[in-house]
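Please open the structure in your viewer and keep the selection panel at hand for the stops that follow.

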Amino acid sequence: MPHARLVEDLPGGRVRILTQETQIGRPAAEPARETPNPMPNGRQTWLDGPVRAAETA
């Protein structure tokens, strides 16, 4: 499951985080059948970390 993330500084003290991943292959097959799907939930959890760090900076 390759992942790519791009973090960009934007005007006005803003940041954009672009994420991309593939959900192809054996490691992704089992989680893709689960409800709720842990992949988007895990991605959101990852994104929450930088948001919290930025809010406390």
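Begin with the whole protein chain selected: among its contacts (heavy atoms within 4.5 Å) with a separation of 6 or more, 23% are accounted for by residues 24 or more positions apart. This is a predicted model, in which local features need pLDDT of at least 70 and side-chain atom pairs count only at pLDDT 80 or more, while totals for chains, interfaces and linings use all residues. Residues are numbered from 1 along each chain as its sequence is written, and side-chain values use heavy atoms, with hydrogens and water left out.

Next, switch to a cartoon view, where the protein chain shows 2 helices and 2 strands, running β-β-α-α from the N terminus on; helices (H or I, at least four residues) and strands (E, at least two) are DSSP runs, numbered from the N terminus.

Turn now to the outline, since the C-alpha atoms fill a box of roughly 40 × 20 × 10 Å along the principal axes. The radius of gyration of the protein chain is 14 Å, whereas a compact globule of 57 residues would have one near 10 Å (taken over C-alpha atoms, with the globule rule being 2.2 Å times the number of residues to the power 0.38).

Then select Ala29, which sits in helix H1, residues 26–32. Is Ala29 buried, partly exposed or exposed? Ala29 counts as partly exposed because its relative accessibility is 31% (buried means under 20% relative accessible area, exposed over 50%, partly exposed in between, with a 1.4 Å probe and protein chains only). Across the protein chain, 5% of the 57 residues count as buried.

Finally, add Ala57 to the selection: its C-alpha atom and that of Ala29 are separated by 38 Å, with the two positions 28 residues apart along the chain.
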